[in-house]
Amino acid sequence: MRNIFLAFLLAPTLPLVAQAQQPVEQRITNLLQQMTLEEKVGQLNQYSGRELTGPASARKNDQLNAIRTGQVGSMLNVKGAQSTREIQAEALKSRLHIPLLFSLDVIHGYKTVFPIPLGEAASWDMDAIRLGAHVAAKEAAAAGIHWTFAPMVDVGRDPRWGRVMEGAGEDTYLGAQIARARVLGFQGEKLGGTDAVMACAKHFAAYGAAIAGRDYNAVDMSLQQLWETYLPPFRAAADAGVATFMNSFNTLNGVPATGNSYLQRDILKGKWQYPGFVVSDWGSIREMVPWGYALDLRDAAQKALTAGSDMDMESDAYHGNLTKLVQAGKVDVALVDEAVRRILRKKFELGLFNDPYKFSSTGREKQVLNDPQNRQAARQVARKSLVLLKNDNQALPLRREWGKLAIIGPLAKAKRDLDGSWVPEADTTLITSVYEGLDQRLDAKTQLLYAKGCEVLGDSRAGFAQAVETAKNADAVVLTVGETWDMSGEAKSRADIHLPGVQEELFQALKATGKPIIVLVFGGRPLIFNTIADQADAILMAWWPGAEGGHALADVLSGDYNPAGKLPITFPRAVGQIPIAYNQQYSTGRPVTKSGDTKYRSAYIDTPNTPRYAFGYGLSYTKFTYSDLQISRPQLAPTETVQVQFTLTNTGSVAGEEVAQLYLHDIVASTVRPLKELKDFQKVLLKPGESKTLTFNITKDKLAFYNQQLAWVAEPGEFQLMVGSASDDIRLTGIVELLP
Ligand code: GLC
């Protein structure tokens, strides 16, 4: 009954039932024709409703009044089936009963927290990454959320920038694959299901290239670099049907992204014909004033809307100014109508006009949020995120003869930290610590000893003695080190990315005992720990593995699960090497020679050019060989495809997964090309002794780049093909020539 009632209100000219069956664009047109200018502007406003469901407050009353009178299009940070139902009811009291969109930062889980996105990226497993987004969407949608501000698809090459934790790492190709997987995970195949939410490709664009790795800073780059490195993951998200985009805090070549019509209108809505809408980042319209790009909030509102920012998140710029700007002829009402149309389109596609309460079911919320399958999924994805960086002397899997195991370090019993940043419903009661995971996994014969040793931060060494004593009483040590959860994420740039505090000193004190030491590193970014890297027996990069982290780590440490993660971002030896992404390495006119001679070469006098751990690197408990490279033809015409085939063999004694990677180098081109660019990869499970023939297809598109005229071209000439286990572990090479 409600649907017909609403349909009746929206188009009084047609028979009731027919209205609901009208094409969406017609229904939007009908609604737009009824809307006043104030009501149109109302749809462009988004506010944070943290206080909305709390005790009475002035802000709460103002917000509720604005909602009731059709001055709000969306709320963020209102969550829960009951709360969203209540607030939606307020919105439906407005003259045209237009429902609200409820949004939230569901970045790597709602209630069940998955590894941080950078950790998920280390799985190189698109099914796993899609699963994580799907479970997050299921839970969020059950809690009344329509729209998540994810995936973040910013290419993140600079580990000083704290938000690398939210993305897919430094590579464009991997980032594009992951962008697609996450959009499909959050949205499903079609919007409207109550087990899916709208996704949001953010932050458009090039936010990850902030100068000096300092958050919110300016970005300066060639348009060739923008198109080649930073835009493709956004295009992949758009091609996957992402419902919305979010712009970014940075400027691009002097123009704030929020006021950047080249980005939002020329590229996104023009060249790409993107049908969704763009939401500003939090307050980014208002921030064009301190940027020195807008004179005041009114000027900022005019510049933002004109440049294609459809919805104003928390600047309150459109609310107070757009109506007057239109009435004064400063903003064309057609631009307002276009923005409103884009927003209403999503509300229709979600089915909110037919049933505004469809996502706000307390019964479904209870059932979905307590589904044990969600935790099983989180454990599965967490296992895949772990990267084995070192394993000397067969330190891992833990040896059965080790009857006493010392679990030492500031993160051994940590819980909240394991969830990492951006967790709206972090519930520490749901988190399994490393200590608990091992305690539950290892049999009664293995005695666990514990010492904290030191804090993550601070210079107190008071706990060293007890930690050393504990190590001496054990057969081996598992040492947990890293950052705290809030040392990466938004506004968490670090000028020094060494392990904080005295953690490496603690390692050295433990190393002196002569016991085998397995180090678990936690953090939201690459960290520098050269002493540990040189002297530990084994090292696992755990990122922030989420609520099931303790179990996932126990699965790997015990050998129940053979780690297969690969680094999605380079780990430098020194901050001074940054930028050090693998695809920012060029031959130069003076390359370091094979012999390592660096005299008058492009090199440092105090550090090698090579990173501590390379992009694509990660070990396994087994070994893989690559052999029998076959290239189907030495030359290809622009319309042809070359098959690159090779045999991958598991030569070890346990089953394992390998991510075989294909890199290309355009040897001579009109724009100098990076020494390596990832162009494809395959993740394969092989039993001990098993071999498999793998094929990569090379087409002209994989050989193309943006030239000086910004044309996407593949130039005739020779290309080096490289197949390997990491960007610095190439096993097979060949040459293919592109013909004119
Ligand atoms: C933040 C972030 C953005 C987030 C938004 C809403 O400042 O930059 O990623 O989605 O505000 O919380």
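Start with the ligand and select the residues around it: D105, F149, R163, K202, H203, M246, F249, D281, W282, M313, W422 and E490. Bear in mind that you're looking at a predicted model. Colour that shell by residue type and you'll get six nonpolar, one polar and five charged residues.

Now show the side chains and pick out the polar contacts. Click on D105 first: one of its polar side-chain atoms sits 2.5 Å from a ligand oxygen. Next, go to H203, where a polar side-chain atom is 2.7 Å from an oxygen atom of the ligand. Then move to E490, whose side chain has an N or O atom 3.0 Å from a ligand oxygen. How much of the ligand's accessible area does the protein cover? Taken on its own, the ligand has 310 Å² of accessible area, and the protein covers 94% of that.

Keep H203 on screen and switch to cartoon. Select residues 200-204, which make up β5, an edge strand that pairs on one side only. Strand β5 belongs to an open sheet of three strands, ordered β5-β6-β9 and paired in parallel. At the other edge you'll find β9, residues 277-279. On average, neighbouring strands in this sheet are turned by 30° against each other, ignoring direction.

Next, select residues 244-247 to light up β6, which runs parallel to β9 and is joined to it by three bridges. Zoom in on M246, one of the residues you picked around the ligand. Which residue of β9 is its bridge partner? That's V279.

Time for the other sheet. This one is open too, with five strands in the order β4-β3-β2-β1-β10 and parallel pairing. Select 147-148 for β4 and 312-313 for β10, the two edge strands, each pairing on one side only. M313, at the end of that second selection, is another member of the ligand shell.

Stay with this sheet and select residues 101-104, strand β3, which runs parallel to β4 and is joined to it by two bridges. Look for L104 here: its bridge partner in β4 is T148.

For the last stop, jump along the chain to residues 658-727. An unreviewed UniProt entry lists this stretch as "domain: Fibronectin type III-like". Helix or strand, what do you see there? The span is 59% strand and 0% helix. Finish by drawing a distance between the C-alpha atoms at its two ends, which lie 14 Å apart.

Notes
Residues are numbered from 1 along each chain as its sequence is written. This is a predicted model: local features need pLDDT of at least 70, side-chain atom pairs count only at pLDDT 80 or more; totals for chains, interfaces and linings use all residues. Side-chain values use heavy atoms; hydrogens and water are left out. A residue is near a molecule or strand if one of its heavy atoms lies within 4 Å of it. A polar contact is a pair of N or O atoms within 3.5 Å; within protein, one must be able to donate a hydrogen and the other to accept it, and residues adjacent in sequence count only if both atoms are side-chain atoms. Accessible areas come from the Shrake-Rupley method with a 1.4 Å probe; for residues, only the protein chains shown count as cover. Ala, Val, Leu, Ile, Met, Phe, Trp, Tyr, Cys and Pro count as nonpolar, Asp, Glu, Lys and Arg as charged, and the others, Gly among them, as polar. Two strands pair if DSSP finds at least two bridges between them. Helices (H or I, at least four residues) and strands (E, at least two) are DSSP runs, numbered from the N terminus. Axes are lines fitted to C-alpha atoms, for helices over the stretch in contact, and angles run from 0 to 180 degrees between N-to-C directions. UniProt positions are given in the numbering used here, feature names are shortened, and annotations may be inferred rather than shown by experiment.
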